[in-house]
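Trainee: I would like to learn how the words used for a structure are justified. Can we take them one by one?
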Amino acid sequence: MSGRTDILGKLKNDRAGLAGFLIVSLFFLLALGVWLGWLGQGWSDAGGGRWEAPGAEHWFGTNVLGQDIFQRAVYSVRTAFEIGLVVALFSTLVGAVLGALAGWYSGSWVDGTVMWMKGVLDSIPFYLFVAAVAFALQGQPWAMHLAMIATFWTTTGRLVRAEVMKIKSMDYVRSARSIGLHDSLILARHVLPNTSHILLVQATIAFVAAIKTEVILSFLGLGVQDGVSWGLMLAESTQEVLAGHFANFVAASGMLFLLLIGFNLLADALQDALDPRQAAL
Amino acid sequence: MKPLLRKLLQGLLLILGVTLISFLLMVWFGPDQTYTLIGKNATAEQIADIRQQLGYDQPFFKRYLDYLASLATLDLGTSNASGEQVNKILMRTVPVSLALMVPGFILGNLLGVALGLSAASHHGKWRDRLISGLSVGGMSISFLVVIIAFQVLLSTPYGLDLFPVRGWQVSGFGSYLQYVTVPTLALIFVTLGYNTRFYRAVFIEESGKDHIRTARAYGASNAEILWKHVLKNSMVPIVTRVMFSIPLVVISGSLLIESYFGIPGIGLATFEAITSGDQPVLKAVVGLTAVAFVAIQVLSEMLYRLLDPRVV
Amino acid sequence: MPVGAARKLLPLLATGALLLQLAACSDAPDGIEADAAESIYRHSMDGAPRSLDPAQASSIYAKMLVVNLYDTLYRYKYLARPYQLTPNLAEGLPQVSADGLIYTIRIRPGVYFMDDPAFPGGKGRAVTAEDFVYSLKRHFDPATRAQGAWLWQDRIVGLDQWQDEGSDYDREVSGLRALDEHTVQIQLISPFPQLTHTLAQGFSAVVPREAVQHYGREFPIRPVGSGPYQLQSFNSSSAVLRRNAGFRQQPFRLEEEGYDPETQSYLGLEHLEGKVPPFTDRIEVEFIAEDAARWNTFISGETDFIKVPVTQFDQVLSARDPPVLSAEMAEQFQLAANLESGFVHTDFNMDDRRIGYHPNPDQDARNKALRCAIIKAFDWQKRNDVFYYGIGKVFPGIIPPVSSEYNPEQHGVHTERDLAGARKLLRDSGWHAGNLPELEYGFTSSVTERQMFEQLRSFLADIDYPAEKIRPLTFATYGDYARAYLNREVMLTTTGWTMDYPDAENTMQLFYGPNSSPGSNSANYNNAEFNRLYRASATLPPSAMRTSIYRNMNRILLQDCVTISGIARTLILLWNRDMAMLPDRSFVGGFFFRFVGSSEDPTAYTKNESPRQ
């Protein structure tokens, strides 16, 4: 597709965006390595001593249990990608579908209901809502994901709705309607593909938000339950930093920062490349 | 006034939705306090007694309607944990949260506007790039990391050790500043990236508009353009952003800051209500936030009219 | 070109920041209404009480405050170790009838409740025997939401019936009566030698009926008592207590409090002899849950006392056994090492057929072998080193070192790691990685509990228990966790039990069959012989015979492999040298507040003394 090469071409000229892309790719490779069982597999082994200093055997030292902080930080890349991908994918999907429906049937009860749902979800303080979902689905490993999906779709929904309302009035859509094509077909074939620039950018933004939220939730004890994540490492570090053990804090916050800045740069570049008008706003 | 009426009706529907969802999540499926209130070696009978006292045995709709009634009459009941009236808890904690969050909130937005203006007026130049780059950096740091880092750097012997580590022993303006500074700096730091970026985009959009170009063509000075035209015409998005972030920043932001710094505000009270399952407190916080949010929506609708007569 | 707006704004902000900084550095006026001449003691605790109603004083945090705001009939001697009972509001120890069933207690005359609007005219009235009777009855009134009824349930004649008949305070309970204004008589159903201990609990503190009625639901935060302190302010982050000017005059006698000059002279308490407690005008209690923050408020001088977080032991101690304060710390602080009055243990849910009892005797035996293997694989040494700095006391079973029934000779195969033995047990009973059951380990989401879980998982990895078969079962609130395990839904639960009184009966009941969930026997252990011995020993006063029964019960429990137990933590308590005091987190608990004085000469300090306990 010409659109694709266009993006790549524009990205190539955007040095910050390129850097972001490289960082994200690097992290993705790390995540892939963990998935394939090549990296970070020893994250839960407690083989080392208590709070060992960084060295040849434990690059970032060990935590209180003697677990290798480097391995834990690397394994957490996978956790971050799992959360980020799931939340980004589903929140964008839900936002796209509901936004498109609302835009297509704007003014009708469908639109009203979607906008009401959006209004309701936007009115509950975010952490309270997420905490509440985590409680309600006690013990479910997907509670956190669900809570984020339920709140993150609203922005995508709003943007897609506006875009669809615009597209709806365009000639090719009108003509498609006039020859009697079914609504759902027009939406799927002609309308939704034209919102892909919004979806791509919103997905990256949702990814960033998901990772950041995981950190807070895990700190509050409502996030990752089995495994390890940067949020859990940071929660651990809150007990350690004031005793002078900084390895957990530095490793987790450093990698978190890198990945987030990579994604933020990428999101900016994508926005510039795909949707210059929105980029300004 | 018809649109306003419509807005009010919408607001009412929103409140119904918010209360229903929060009731479902936080009360119906919410944490169960029974088992923190029983003694050792409790009997099944004692457990049933407590459940009945807490009203857990009532049907869904009765409990939901009671909730709506308590919100409507502002008779919010008493905490199940301490027996303190929820109204009193709110009156005790909300001022603390406001005193804690307002300085950071105002400074964060002012600084954001200033930096945004500065960047927008040098659109595309190195200063713009620097500010944009820094705000992306700021956006990439987790709130939790900021809080931990600021505490270590400002309040411990590992850093400057200037301020109390935590707490809120406020007795006068001096002690207030002592306790408010570190949380405020953390709050400014964490919101500044977002604010700057947002305001920069608003100003750039505004600068590109025809009337600004015209003014520029007529030789108005840069400062004049920014003050008279860009800033003034950007008031609607600025006010909207500020208004809408108030309830969320106060509750969500203070939840983390207060539980980390041990400050007895509404955020900490909410956090404790969550972890102890104190439903009367939770219900009040969520319900009142929703009402506040909807009220702000209606209010901002009126403000738009004042600021921008073009809005119909 | 420079921007006017930003130019004008930025200096303004900079000035603001500067002012902020200046004001922050200037000396802020201290505390609320604190008088310069007032003596202050600033205590810190790692948790906050939720209620100050004695009937709800179930947490150590609540007890700490309640016994200062209210009076109990008895308390523990300030300095005597092992702990000893002594009269508080009572005039002397109870007179007990020969059959051990009737207790007669005289209450000190001339003790008054503090002034409060709840009383007619706002004037506190005299405390009477009737008040004590009322206070105990409250535990048997469902409206109180009391948590202490278990102490007296099925013990006092007529009290349980009184509840069944509607908890009418005007009706008399035959076993719990005020004989006259200052005499209480308690009649027991069967001998209960621990009764006097229960009367030293915060639960049994004396409250005035007027205040309970006046404040209603808010009574828990409006304490009206006759204790040495009055509440000035209270919220979830701190409490401020002010000396009760009307507190009874009773001079402090070192000897009566069990002072041992041999080991306690380093405390510098002699100059307090003969003075009238409470010695300190104002007590500020900070509730700081986060270890690091609590430590920093202490080290920066914002509080006078701390239970040192384990993460700081490195910095504080120069030797572990016995703990010795580092020279640098000793210049400012005093140390007491306190063995906790309780222990931490991990129970198997015996009601769970995957790991506990099984109707099929073969499977039952295999499950037992599995439990025993897990116990053998548990590395107590490492648990102690990582979480308790190696100074906790590991012991086999459920008679913790703090109780007099503890058997120091009983070293245990049960607490020594035996990987070969564990593997052999598994092999012999046909367990292998493929058929081992999935273990669910329950905990409330907190960093330390998660670490303990991960450590257990790594211990079991050493006997080839597959990591993916050991799952966390996490709960966001303690209440939800408690609901799950009290409904027998959790396979492995870790509990820290704090003894209510210094008598091992209090830990034996943890495994008594009829106390199964929702009772405190959360292992749901039910062994006929153990139960029989428990019943036989329950009515016995402390004696060599009772001790041997307890030890026998301990052996039975160990053989059945019901619990991975246990460790008693060593608490390192530090306080400012300006204070002359001996803090306590155990049975004395909050009773020590009234004896906190200032040092005669805080600079007098010799480097060679080694504080012991």
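Mentor: Start with burial. A residue is buried if 20 or more other C-beta atoms lie within 10 Å of its own, exposed if 12 or fewer, and partly exposed in between; the C-beta atoms are placed from the backbone. Helices (H or I, at least four residues) and strands (E, at least two) are DSSP runs, numbered from the N terminus. This is a predicted model: local features need pLDDT of at least 70, side-chain atom pairs count only at pLDDT 80 or more, and totals for chains, interfaces and linings use all residues. Residues are numbered from 1 along each chain as its sequence is written, and chains are lettered from A and ligands numbered from 1 in the order in which they are written.

Trainee: What makes helix α2 (residues 60-69) of chain C largely enclosed?

Mentor: Nine of its 10 residues are buried, so the rest of the structure largely encloses α2(C). Among them are C:Y61, C:M64 and C:L69. The cover includes β1 (40-45), β8 (229-234), β9 (238-243) and β10 (282-287) of chain C.

Trainee: Why is helix α9 (residues 210-217) of chain B called hardly covered?

Mentor: Count its buried residues: among the eight residues of α9(B), the count is zero. After α9(B) comes B:G219, with a positive phi near 85°.

Trainee: What makes chain C as compact as a globular protein of its length?

Mentor: Use the radius of gyration, taken over C-alpha atoms, and the globule rule, 2.2 Å times the number of residues to the power 0.38. For 613 residues the rule gives 25 Å, and chain C has 27 Å, which is close, so chain C is as compact as a globular protein of that length. Of those 613 residues, 51% count as buried. Chain C has 18 helices and 23 strands.

Trainee: How do you know which strands stand at the edges of the sheet β4-β5-β7-β6 in chain C?

Mentor: Two strands pair if DSSP finds at least two bridges between them. This open sheet of four strands has antiparallel pairing. β4 (95-96) and β6 (176-180) of chain C each have a single partner strand, so one side of each has no neighbour in the sheet. Two bridges join β4(C) to the antiparallel strand β5 (residues 102-106) of chain C. There, C:Q95 stands opposite C:T104 in β5(C).

Trainee: What counts as the contact of chain C with chain B?

Mentor: Two residues are in contact if their C-beta atoms, placed from the backbone, lie within 7 Å. The contact takes 51 residues from chain C and 61 residues from chain B. On the side of chain C, the largest share, nine residues, comes from α1(C). This side divides into 26 nonpolar, 17 polar and eight charged residues. Ala, Val, Leu, Ile, Met, Phe, Trp, Tyr, Cys and Pro count as nonpolar, Asp, Glu, Lys and Arg as charged, and the others, Gly among them, as polar.

Trainee: Which residues have the most contacts inside the largest nonpolar core?

Mentor: A nonpolar core is a set of buried Ala, Val, Leu, Ile, Met, Phe, Trp, Tyr and Cys residues joined through C-beta atoms within 7 Å. The largest has 353 residues, and those with the most contacts inside it include A:V130, A:L234 and C:F511. Helix α3 (residues 69-104) of chain A gives the most to this core, with 17 residues. Not counting residues up to four places away in sequence, C:F511 touches several residues, including C:I398, C:Y525 and C:V562.
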